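User: Hi! Could you walk me through this one?
Analyst: Happy to. Here it is.
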Amino acid sequence: MNKIITILMAVMVSITVSAQQEKAGNKPKDGTKQQKKELKEKKKSKKKEAKNEIIEAGRLYVYGMAMSPSDSVVYMTDELLLDNAQLVKKTKFLVGRESMSLQLAKHMAQKGEKDRICSVTFANSIKKLDKMYLKQVRKLQKQGFLVKNVGQGEFRFETVREE
């Protein structure tokens with residue numbers, strides 16, 4: 001009888017201690033739960049790495065556009081060739097496109113055209129880019145914008161690479 005009481009007391013004490021640990025935020029460690037958690041974290045980090053994986057695109061063709069909502073003039077760069085360009089593998093977006101938009105915005109600010117919203121469009125072939133370029137120009141002209149050209153001698157994009 002004494003043995004049963006002793007065992008029951010020990011079980012009650014262990015339950016009380018584990019309940020107190022849970023209240024304090026210290027959950028008892030379960031080897032399988034810990035292993036599962038670590039596996040989940042590893043999978044998440046691998047997915048994140050794969051999502052941000054950079055691939056070499058080689059040559060890409062780009063053009064930039066700078067416009068202001070309060071002005072009817074839109075500036076468009078010539079179609080330019082980018083050597084050693086990189087793409088994000090999953091999304092196929094150009095690496096450093098934000099930086100390239102800032103390059104164009106700084107150039108426009110130096111010319112006195114401040115507060116321009118700039119964007120960069122790219123393609124793998126000059127034919128695809130030329131088609132997009134002409135479509136954009138026609139669309140802007142149809143909407144009443146005056147499209148002005150920014151020549152290659154005036155502005156060129158610098159390739160942005162991620163290491």
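User: Nice. How much area does the chain expose, and what share of it do carbon and sulfur atoms supply?
Analyst: This is a predicted model. The exposed area of the chain is about 12300 Å², with 54% of it coming from carbon and sulfur atoms.
User: And what percentage of the residues is buried?
Analyst: Of the 163 residues in the chain, 24% are buried.
User: OK, what about the fold? How many helices and strands are there?
Analyst: The chain has four helices and five strands. Their order along the sequence is α-α-β-β-β-α-β-α-β.
User: Let's talk about helix 4. Which of its residues are buried?
Analyst: Leu129, Tyr133, Val137 and Leu140 are the buried ones in helix 4. Looking down the helix axis, they fall within an arc of 70°, so they line one face of helix 4.
User: Why would residues a few places apart point the same way?
Analyst: An α-helix has 3.6 residues a turn, so residues three or four places apart end up pointing the same way.
User: Cool. What covers that buried set in helix 4?
Analyst: The cover includes strand 1 (54-67), strand 2 (73-77), strand 4 (117-123) and strand 5 (146-150).
User: And which residues are exposed on the other side of helix 4?
Analyst: Those are Lys127, Lys128, Lys131, Lys135, Arg138, Lys139 and Lys142.
User: How far apart are the end C-alpha atoms of helix 4?
Analyst: They are 24 Å apart, which agrees with the 24 Å expected for its 17 residues (126-142) at 1.5 Å a residue.
User: Last one: what follows helix 4?
Analyst: Gly144 comes after helix 4, and its phi is positive, near 95°.

How values were computed:
Residues are numbered from 1 along each chain as its sequence is written. This is a predicted model: local features need pLDDT of at least 70, side-chain atom pairs count only at pLDDT 80 or more; totals for chains, interfaces and linings use all residues. Side-chain values use heavy atoms; hydrogens and water are left out. Helices (H or I, at least four residues) and strands (E, at least two) are DSSP runs, numbered from the N terminus. Buried means under 20% relative accessible area, exposed over 50%, partly exposed in between (1.4 Å probe, protein chains only). Accessible areas come from the Shrake-Rupley method with a 1.4 Å probe; for residues, only the protein chains shown count as cover. The expected span of a helix is 1.5 Å times one less than its number of residues. The arc is that of the directions from the helix axis to the C-beta atoms. Contact means heavy atoms within 4.5 Å.
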